[in-house]
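Q: Please take me through one part of this model in detail: the aromatic rings and what goes on around them. I'm a first-year student, and plain words would help.

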Amino acid sequence: MRAILAFLLLTASCLAQNDPRAIYDEALNKLTGGSPNNRDNIRGLDLMTKSADLGYLPAIIALGTIYDESGSNPSKAAEQYQKAINRGSHFAEYLLGRLYFTGAYGGSRRDGEKWLQAAADEGNPFAAYLLGELMLIREAPADAVRWFRVASEQGLPYAQFRLAKLLLSGRVPINKREAYMWLYVAREAGIDVSADLSWVESDLGSSEAAKAKVEARDLNNKVRRAAQPTRCKGWTGELDGLPAIPPFDIQPYCE
């Protein structure tokens with residue numbers, strides 16, 4: 001009986017050594033240990049690399065964000081994101097596009113446009129927001145409005161602010177009422193737009209402004225997006241002007 005039990009334990013141990021998910025979970029344990037005694041960053045990175053080399057998508061993206069966040073090796077981050085893209089991850093398309101956008105990797109921001117485009121086409125709000133910024137750089141304000149609106153409707157406050165400013169700029173058909181609504185929503189998310197909001201409210205007049213405020217409240221309830229730093233639900237900094245790199249341990253690859 002003891003021999004059988006020992007054999008089963010040995011077999012389970014061997015399987016675990018080649019199980020990418022088990023290796024990934026152990027990597028998380030080493031990288032996020034609750035106390036210094038449980039933490040081992042070097043061992044954790046080795047395990048994450050092993051799991052990624054075995055083709056486990058969460059590990060591939062986690063490894064990419066580890067390199068990305070450290071800033072030490074953007075080429076390795078890009079390599080991991082490309083591996084994840086090859087396995088069908090649209091989130092990795094965004095992350096690779098973001099790497100180009102920040103200038104950390106590649107020749108220019110436009111080199112990453114195709115990756116942002118691909119992710120935005122799949123509904124990724126962060127990719128849509130950065131794509132809107134690229135459209136402004138390309139002097140294509142109508143396209144910028146399109147992508148800022150996609151991101152705004154999914155709750156990204158800086159996209160809402162940028163959309164409102166464009167709708168007031170004269171670079172696209174002016175729409176003060178819609179601009180007011182997006183400024184209101186952006187303010188509710190914590191962006192200081194008080195000067196713009198007061199000006200538009202005054203320009204609309206009290207009656208139109210009152211109607212727009214009611215619509216803006218309804219819109220805010222529909223699009224509000226709170227950062228929820230838990231696995232698969234968002235991360236602190238995702239609502240920043242440049243959305244922060246997701247932490248490696250929240251599985252942001254969920255799509």
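A: Let's start with the whole chain, go on to the rings, and finish with one helix.

This is a predicted model, and local features need a pLDDT of at least 70, side-chain atom pairs count only at pLDDT 80 or more, while totals for chains, interfaces and linings use all residues. Residues are numbered from 1 along each chain as its sequence is written, and side-chain values use heavy atoms, leaving out hydrogens and water.

The pLDDT (the predictor's confidence in each residue, from 0 to 100) averages 89 over the protein chain, and 90% of the residues score at least 70. Residues 3–12 are another story: their pLDDT is below 50, and beyond near neighbours in sequence this stretch has zero contacts in the model. A contact here means heavy atoms within 4.5 Å. The chain has 13 helices and zero strands. Both are DSSP runs numbered from the N terminus: helices are H or I with at least four residues, and strands are E with at least two. Of the 255 residues, 44% are buried; buried means under 20% relative accessible area, exposed over 50%, and partly exposed in between, with a 1.4 Å probe and protein chains only.

Now the rings. Rings of Phe, Tyr and Trp (its six-membered ring) pair if their centres lie within 6.5 Å; planes under 30 degrees apart count as stacked, over 60 as edge-to-face, and the rest as tilted. By that rule there are seven aromatic pairs. One of them joins tyrosine 24 and tyrosine 56: their ring centres are 5.4 Å apart and their planes sit at 65 degrees, so this pair is edge-to-face. Tyrosine 24 lies in helix 2 (residues 20–31) and tyrosine 56 in the loop between helix 3 (41–53) and helix 4 (57–70), so the pair ties together parts 32 residues apart in sequence. Both tyrosine 24 and tyrosine 56 are buried.

Phenylalanine 126 and tryptophan 235 also pair up, but tilted, at 5.3 Å centre to centre with 40 degrees between the planes. Since phenylalanine 126 is in helix 8 (residues 125–137) and tryptophan 235 is in the segment after helix 13 (206–223), this pair ties together parts 109 residues apart in sequence. Phenylalanine 126 has 3% relative accessibility and counts as buried, and tryptophan 235 is buried at 4%. These two rings have company: Phe91, Tyr94, Phe126 and Trp235 form one aromatic cluster.

A ring can host a charge, too. The charged end of arginine 109 sits over the ring of phenylalanine 101, 4.2 Å from its centre. For that label, NZ of Lys or CZ of Arg must be within 6 Å of the ring centre and within 35 degrees of the ring normal.

Last stop: helix 5 (residues 74–86). Its buried residues are Ala77, Ala78, Gln80, Tyr81, Ala84 and Ile85. They cover an arc of only 165 degrees around the axis, which puts them on the same side of helix 5; the arc is that of the directions from the helix axis to the C-beta atoms. An α-helix has 3.6 residues a turn, so residues three or four places apart point the same way. What covers the buried residues of helix 5 includes helix 3, helix 4, helix 6 (90–101) and helix 7 (113–121). Just after helix 5, glycine 88 takes a positive phi of about 95 degrees.
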